[in-house]
Amino acid sequence: MKPPCEIVVWYVIPAIRSELAKELLNLGMKQKDVSEIMDITQPAVSQYITDKRGSGIKLDDNVKEMIHQFAKELSEGTATKADLISRTCNICKNVKTIDVIEQLNIDKSELGDDCQTCLGSEAK
């Protein structure tokens with residue numbers, strides 16, 4: 001069993017990045033600009049938008065809306081690269097733990113009492 005923090009790193013954050021890259025492209029940004037604002041390589045952007053990365057879980061509509069709003073703010077310049085970490089963390093906290101656990105077919109009993117099946121989520 002992977003620890004919850006590893007699940008976030010391998011599945012949740014890539015899914016958020018994938019959705020953000022797609023939204024930024026839909027708003028008219030070029031892959032090079034997306035890579036610069038997201039502080040990732042252009043090949044990574046390409047892999048996110050073709051679902052070679054970040055397609056391990058599906059995000060719910062609420063989380064997708066948060067990502068869309070952030071992408072819109074980034075494209076308009078009301079949010080900047082400096083906001084990337086805090087906004088990504090906030091979005092990550094709103095990913096429903098139970099959704100991730102079910103999508104990855106994880107037995108909740110394997111997570112233990114000290115974990116409380118949180119994965120850092122505010123949206124349990």
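Buried residues make up 39% of the 124 residues in this protein. The model is a predicted one. Start with the whole chain in cartoon view.

**Stop 1: the whole fold**

Count the elements. The protein has six helices and zero strands. Read along the sequence, the pattern is α-α-α-α-α-α. Now turn on a contact map. Of the contacts with a separation of 6 or more, 65% are between residues 24 or more positions apart.

**Stop 2: the nonpolar core**

Nonpolar side chains tend to be buried together in soluble globular proteins. Look for that here. The largest nonpolar core has 31 residues. Select Val12, Ile16, Leu20, Leu24, Met38 and Leu59, which touch the most other members.

Which helices supply at least two residues each? They are H1, H2 (31–38), H3 (42–49), H4, H5 (84–93) and H6 (97–103). H1 gives the most, with eight residues.

Zoom in on Val12. Leave aside its neighbours within four places in sequence. Val12 is then in contact with Ile7, Ile57, Cys92, Val95 and Val100.

**Stop 3: H1 against H4**

Select residues 4–26 for H1 and residues 61–76 for H4. Their axes come within 9 Å and cross at roughly 50°. H1 and H4 are therefore oblique to each other. The crossing is right-handed.

Now show side chains. On the H1 side, pick Ile16, Glu19, Leu20, Glu23 and Leu24. On the H4 side, pick Lys64, Ile67, His68, Phe70, Ala71, Leu74 and Ser75. Colour this contact by class: seven residues are nonpolar, two polar and three charged.

**Stop 4: H1 against H5**

Keep H1 and add H5. How far apart are the axes of H1 and H5, and at what angle do the helices pack? The axes are 11 Å apart, and the angle is about 115°. That makes H1 roughly perpendicular to H5. This crossing, too, is right-handed.

Select Val8, Val12, Ile16 and Leu20 in H1. They meet Leu84, Thr88, Ile91 and Cys92 in H5. By class, the contact of H1 with H5 has seven nonpolar residues, one polar and no charged. Ile16 and Leu20 are also listed in the H1 contact with H4.

**Stop 5: H1 against H3**

Swap H5 for H3. The axes of H1 and H3 come within 8 Å and cross at roughly 95°. H1 is thus roughly perpendicular to H3.

Here the H1 residues to select are Pro14, Arg17, Ser18, Ala21, Lys22 and Leu25. Their partners in H3 are Val45, Tyr48 and Ile49. The class count for the contact of H1 with H3 is six nonpolar, one polar and two charged.

**Stop 6: a loop residue**

Leave H1 and select Ala79. This residue is found in the loop between H4 and H5. Is Ala79 buried or exposed? The cut-off for buried is under 20% relative accessible area. Ala79 has 4%, so Ala79 is buried.

What is Ala79 in contact with, leaving aside its neighbours within four places in sequence? Select Phe70, Glu73, Leu74 and Arg87 to see these partners. Two of them, Phe70 and Leu74, already appeared on the H4 side of the contact with H1.

**Last view**

Return to the full chain and highlight H1. This helix gives the most residues to the largest nonpolar core. Then show the H1 residues that meet H5, including Val12, and those that meet H3, including Ala21.

How values were computed. Residues numbered from 1 in each chain as written. Predicted model: local features only at pLDDT ≥ 70, side-chain atom pairs only at ≥ 80, totals over all residues. Heavy atoms only, no water. Axes fitted to C-alpha atoms, helices over the stretch in contact; angles between N-to-C directions. Helix = DSSP H or I, 4+ residues; strand = E, 2+ residues; numbered from the N terminus. Parallel < 35°, antiparallel > 145°, perpendicular 65-115°, else oblique. Left-handed = near helix turned anticlockwise from the far one by under 90°. Contact = heavy atoms within 4.5 Å. Nonpolar A, V, L, I, M, F, W, Y, C, P; charged D, E, K, R; others polar. Core = buried A, V, L, I, M, F, W, Y, C linked by side-chain atoms within 4.5 Å. Buried < 20%, exposed > 50% of the residue type's maximum accessible area, 1.4 Å probe, protein only.
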